[in-house]
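Work through the exercises below with the sequence and the model at hand. Each task is followed by a solution in steps.

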Amino acid sequence: MMTGRRKDPIWNYFIEIKDKNKTTRAKCLKCSMEMAGLVMRMKLHKNKCISILEDSIVDEPENDQLTGDPGDGLGGPTTKRPCSSSLLDTGGSLNLEGSSSCKKSSSMNTFIYRTSPSEKIKLDHQIAKYIYATNSSFSYVEHPEFKRMIEMLRPGYIPPNRDNIGNKLLNETFVTIDQEIRNILKGKSVCLAMDGWSNIHNEPIICISCYSPTDDVVCLIDTIETQENSHTSQYLLKIIIESVKKCKEIGCDVRSVVTDNAANMSKMRQELSNSELNDGSTSSGYFDILTYGCSAHILNLLAHDVNEKSIKDNVKEIVKYFKYHHLPAAKYKALGGKALILPIDVRWNTLYDCLKSYIDNWHIIYQVCSENRSAIENKILKLVHDVELKNNTETYLIKLKNISTALDITQKNSCTIGESVEVWLRLKTFFESECDDNDIQKFKNRFNMAMTPAHFLANLLHPQYRGLQLSEEQHDAAFNYANLYHPNVVNEIISFQAQSLPFKEYLFNDNAINNISALTWWTSLKKQSKLSKDMEYLVEQLFTAICSSAGIERVFSTFGYIHSKTRNRLGVAKASKLVTIFKHLNTKNQTNNL
């Protein structure tokens with residue numbers, strides 16, 4: 001059993017030597033220096049000895065190419081990697097073999113974090129993509145806390161500055177993403193949508209977006225700052241033709257164009273079908289473009305047509321009072337009331353959302369008014385207690401719900417003109433059975449604005465619908481259109497309707513027609529060489545024609561999000577690049593997460 005004072009751990013770094021006078025001396029395991037065995041002196045020597053060893057390792061010249069000077073942007077100063085784990089064993093004693101290997105090593109890879117030029121480029125671009133995809137300010141990369149985070153994650157790497165993020169890296173990222181989009185669109189039939197918008201500086205801008213429903217791709221083809229040019233039909237025609245030609249250069253074929261229903265847009269669509277191009281051929285012969293108005297936009301107009309102003313104004317006043325007055329808002333929230341919504345004229349379906357939020361929470365609003373009569377304005381008390389207003393709101397809400405449901409379907413990027421016919425026909429049934437003559441006539445006017453013979457033909461050739469809900473007049477309009485513009489396929493259309501060869505009966509079972517898109521159904525027959533070239537051409541046009549331009553409205557929302565008041569110095573060209581990158585990166589990430 002050992003007795004006496006326990007040795008200090010510093011002796012793990014020294015060899016104990018007894019001289020002839022029996023005094024204790026210590027020999028350093030690193031440098032072999034001998035000294036008196038005094039603990040304090042040994043500790044001072046140990047610290048000095050390790051410091052000298054580390055400096056010699058870092059200063060040792062290496063044969064490998066390192067990351068460069070601090071100012072060259074390739075990684076900055078080299079970073080020391082602790083080598084104590086290789087020099088010392090787990091017991092804290094010196095590992096002489098590890099020390100020897102450190103000294104003999106001809107490469108510094110063991111002791112530094114290297115960032116090669118190629119890695120530097122990859123890291124720069126990834127940081128840039130993060131900035132663009134999150135719509136962050138370019139200056140974030142120069143924030144001290146961001147730099148500290150990068151230094152902790154990758155010591156020695158210097159991130160790009162705001163100028164690189166906003167210029168060089170932005171241009172390089174845009175070129176890469178633009179090429180990705182081009183590769184997706186190459187060889188595809190697409191639909192173009194056109195619309196106008198005013199940015200944060202109230203500058204008029206026209207955007208053209210491209211849709212490929214087979215790939216669920218929406219991309220911005222062109223952004224034109226129109227400046228002093230008036231948005232006449234001729235000016236719009238020139239823009240759309242240039243965009244069509246740009247798509248042909250990419251390698252995709254524009255087969256349809258959809259716009260809103262403003263007078264200049266409607267006239268442009270007519271001129272597009274009849275105008276002469278530079279080579280002397282007609283647009284219908286050269287491009288064969290199908291043009292029509294946006295169904296979602298027309299449904300929104302229908303909602304305005306059947307608007308009951310007194311109900312809207314009264315409910316809006318109640319909602320505004322409970323949102324912006326402290327006492328009723330607090331009482332309403334304490335009783336579990338859900339968020340009340342105010343209608344916004346430029347946002348579709350918000351009136352429906354407003355009325356629904358009021359009806360769903362009416363009992364709580366009523367309770368707040370009953371329990372706090374003295375604190376609530378008399379006008380609001382009367383409106384809330386007006387049962388007739390509540391009943392009329394519920395009736396009006398049913399009408400708006402049907403329009404809202406139809407609008408939600410038609411504004412999807414995947415909804416084609418053939419599918420929109422079914423939506424309008426269901427809405428027609430509702431109006432004819434539930435509404436008065438005045439509302440029915442308003443519906444008919446909007447129905448005739450939205451539906452064209454091409455819509456009816458697309459519905460007739462849709463394998464799921466096959467025109468079964470079309471009236472005789474609509475059925476005839478579809479065949480007359482086919483006979484006028486595609487006479488060579490009329491026989492095949494009749495065979496499709498009769499389900500005779502090559503359209504065998506098994507092709508129409510529920511699994512075949514309900515679980516796949518119409519274009520996929522027709523493409524399968526095309527792959528089997530069962531269709532004529534003219535029929536292939538027609539169905540590809542009809543089933544890539546998106547029924548609404550709502551997608552471009554979402555592009556404008558992204559524009560407003562990026563080119564905002566806090567980023568008002570962005571130019572139109574740079575904002576357009578950021579919009580393209582933002583939408584593409586976030587769409588791709590959403591797809592990858594599914």
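**Exercise 1.** Decide whether Leu 170 is buried or exposed in this predicted model, and find its surroundings.

Step 1. The relative accessibility of Leu 170 is 1%. Buried means under 20%, so Leu 170 counts as buried.

Step 2. Place the residue in its element: Leu 170 belongs to helix α7, which covers residues 168–185.

Step 3. List the contacts, leaving aside neighbours within four places in sequence. Leu 170 then touches Tyr 132, Asn 164, Ile 165, Lys 574, Lys 577, Leu 578 and Ile 581.

Step 4. Take one of these partners, Lys 574. In sequence, Leu 170 and Lys 574 are 404 residues apart, yet their C-alpha atoms are 8.5 Å apart in space.

**Exercise 2.** Describe Lys 246 by the steps used above: which element holds Lys 246, and which residues are its contacts beyond four places in sequence?

Step 1. Lys 246 sits in helix α8, residues 233–250.

Step 2. Its relative accessibility is 28%, so Lys 246 counts as partly exposed. The class runs between the cut-offs of 20% and 50%.

Step 3. With neighbours within four places set aside, the contacts of Lys 246 are Ile 221 and Asp 222.

Step 4. Asp 222 is 24 residues from Lys 246 along the chain, and the two C-alpha atoms are separated by 9.0 Å.

**Exercise 3.** How many residues does the largest nonpolar core have, and which of them have the most contacts inside it?

Step 1. Recall the background: nonpolar side chains tend to be buried together in soluble globular proteins.

Step 2. The largest nonpolar core here has 152 residues. Those with the most contacts inside this core are Tyr 132, Leu 192, Ile 240, Phe 322, Leu 461 and Trp 522.

Step 3. Helix α8 gives the largest share of this core, nine residues.

Step 4. Look at Leu 192 in particular. Beyond four places in sequence, its contacts include Ile 208, Cys 210, Ile 221, Ile 240, Val 244 and Cys 247. Serines are also among the contacts of Leu 192, including Ser 209 and Ser 243.

Step 5. A second core is separate and has nine residues, among them Ile 10, Trp 11, Phe 14 and Cys 49.

**Exercise 4.** How many salt bridges does the structure hold? Work through three of them.

Step 1. The structure holds 20 salt bridges. Side chains of opposite charge can pair when their charged atoms come close.

Step 2. Glu 145 pairs with Arg 148, and their closest N and O atoms are 2.8 Å apart. Both lie in helix α5 (residues 144–153); because they are three residues apart there, about one helical turn separates them. Glu 145 is partly exposed at 49%, and Arg 148 is partly exposed at 46%.

Step 3. Asp 253 and Lys 248 form a salt bridge at 3.8 Å, N to O. Asp 253 is partly exposed at 24%, as is Lys 248 at 35%.

Step 4. Arg 255 pairs with Glu 540, with closest N and O atoms 4.0 Å apart. Arg 255 lies in strand β7 and Glu 540 in helix α25, so this pair ties together parts that are 285 residues apart in sequence. Arg 255 is buried at 0%, whereas Glu 540 is partly exposed at 26%.

Step 5. Salt bridges can also share partners: Glu 308, Lys 399 and Asp 439 are joined into one network in this way.

Methods. Residues are numbered from 1 along each chain as its sequence is written. This is a predicted model: local features need pLDDT of at least 70, side-chain atom pairs count only at pLDDT 80 or more; totals for chains, interfaces and linings use all residues. Side-chain values use heavy atoms; hydrogens and water are left out. Helices (H or I, at least four residues) and strands (E, at least two) are DSSP runs, numbered from the N terminus. Buried means under 20% relative accessible area, exposed over 50%, partly exposed in between (1.4 Å probe, protein chains only). Contact means heavy atoms within 4.5 Å. A nonpolar core is a set of buried Ala, Val, Leu, Ile, Met, Phe, Trp, Tyr and Cys residues joined through side-chain atoms within 4.5 Å. A salt bridge is a side-chain nitrogen of Lys or Arg within 4 Å of a carboxyl oxygen of Asp or Glu.
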